[in-house]
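Subject: Structure handover

Hello,

Please find the structure below, with the sequence. My notes on what was found in it come after.

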Amino acid sequence: GSEVLGEGNLTVGSLQGKPLVLNFWAGLCPLCRAEMPDLREFYDENKDRVNLLGIDVGRFTGLRNQDSAKALLEELNVTCPAGFTSDAGVMRNYKVLGMPMTVFIDSKGEVVRHWGGVLNNETLTRITNEMLKAETAALNY
């Protein structure tokens, strides 16, 4: 996914202007592994409407390191943008209390919703549509 969002250091602020689905995961997290195919499907269907970014936080959860994360992405042929952070504060700032954790952020950079646990494509799409509908309503107000 680096060709979509660019390589190197990204911030949520640099992705404003388009809603963002931020998924926190780890390479040795069985539930994270289970939701990866749905994240890939969601990304393929919605990449024109919303950004999706996966962030490996395995080093902070005891669920391994960057090598295990890269291996999981390759094994499951995940094509959506993914990376890692070396900032442990991200866990606190986004209230990552378990794995996987997904945070929905509107186009202005405001957190709209947290979801703890596995998401499927249907639920990802429903929540994203609700977020986009709320943004459209706010623009028309």
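The notes below go from the overall layout to one helix, the core, the cavity and a few individual residues.

Overall layout

Please keep in mind that this is a predicted model. The protein contains 6 helices and 5 strands. Read from the N terminus, the order of elements is α-β-α-β-α-α-β-α-β-β-α. Of the 141 residues, 44% are buried. If one takes the contacts between residues at least 6 apart in sequence, 75% of them join residues at least 24 apart.

Helix α4

Helix α4 covers residues 66-75, and its buried residues are Ser68, Ala69, Leu72 and Leu73. Viewed down the axis of α4, these buried residues fall within an arc of 140°, so they line one face of the helix. Asp67, Glu74 and Glu75 lie on the other side of α4 and are exposed.

What do the buried residues of α4 pack against? Their partners are two kinds of element: the strands β1 (20-25), β2 (51-56) and β3 (82-84), and the helix α2 (30-46).

After α4 comes Asn77, with a positive phi. The value is near 55°, and the residue is not a glycine. Asn77 sits in the loop between α4 and β3. Its relative accessibility is 53%, and the cut-off for exposed is over 50%, so Asn77 counts as exposed.

The nonpolar core

In soluble globular proteins, nonpolar side chains tend to be buried together. Here the largest nonpolar core has 36 residues. Which of its members touch the most other members? They are Leu22, Phe24, Met36, Tyr94 and Met99. Two or more residues of this core come from each of β1, α2, β2, α4, α5 (89-93), β4 (101-105) and α6 (121-140).

The cavity

A search of the whole structure for cavities of 30 Å³ or more finds 1. The volume of the largest cavity is about 60 Å³. In case you want to select the lining, the residues are as follows.

- Asn23, Trp25, Met36, Leu39, Leu52 and Leu53 are among the lining residues.
- Gly54, Leu73, Val78, Cys80, Pro81 and Ala82 also belong to the lining.

Elements that give two or more residues to this lining are β1, α2 and β2. The largest share, 3 residues, comes from β2. By residue class, the lining of the largest cavity has 10 nonpolar and 2 polar residues, and no charged ones. Two of the residues named earlier return here: Met36, one of the core members that touch the most others, and Leu73, one of the buried residues of α4, both line the largest cavity.

The loop between α5 and β4

Several items fall in this loop. Lys95 is found there. Its phi is positive, about 55°, although Lys95 is not a glycine. Lys95 is exposed, with a relative accessible area of 52%.

Is Val96, also in the loop between α5 and β4, buried or exposed? Val96 has a relative accessible area of 9%, and buried means under 20%, so Val96 is buried. Apart from neighbours within four places in sequence, Val96 is in contact with Phe24, Val90, Met91 and Met101. Phe24 is also among the core residues that touch the most other members. The C-alpha atoms of Val96 and Asn23 are 9.9 Å apart, with the two positions 73 residues apart along the chain as the separation in sequence. Asn23 is one of the residues that line the largest cavity.

Pro100 lies in the loop between α5 and β4 as well. The peptide bond that joins Met99 and Pro100 is cis, with omega about -15°. Met99 is another of the core residues that touch the most other members.

Asn46

One further residue is Asn46, in helix α2. Asn46 is buried, at a relative accessible area of 5%. Its C-alpha atom is separated by 8.2 Å from that of Thr125, a residue 79 places away along the chain. Thr125 falls within α6 (121-140).

Regards

Terms used. Residues are numbered from 1 along each chain as its sequence is written. This is a predicted model: local features need pLDDT of at least 70, side-chain atom pairs count only at pLDDT 80 or more; totals for chains, interfaces and linings use all residues. Side-chain values use heavy atoms; hydrogens and water are left out. Buried means under 20% relative accessible area, exposed over 50%, partly exposed in between (1.4 Å probe, protein chains only). Helices (H or I, at least four residues) and strands (E, at least two) are DSSP runs, numbered from the N terminus. The arc is that of the directions from the helix axis to the C-beta atoms. Contact means heavy atoms within 4.5 Å. A nonpolar core is a set of buried Ala, Val, Leu, Ile, Met, Phe, Trp, Tyr and Cys residues joined through side-chain atoms within 4.5 Å. On a 1 Å grid over the protein atoms alone, a cavity is a set of points where a 1.4 Å probe fits but cannot get out, and a pocket is an open set with protein on both sides within 12 Å along at least five of seven lines; lining residues have an atom within 4 Å of a point. Grid points are joined across faces, edges and corners, and a volume is the space filled by probe spheres set on the points. Ala, Val, Leu, Ile, Met, Phe, Trp, Tyr, Cys and Pro count as nonpolar, Asp, Glu, Lys and Arg as charged, and the others, Gly among them, as polar.
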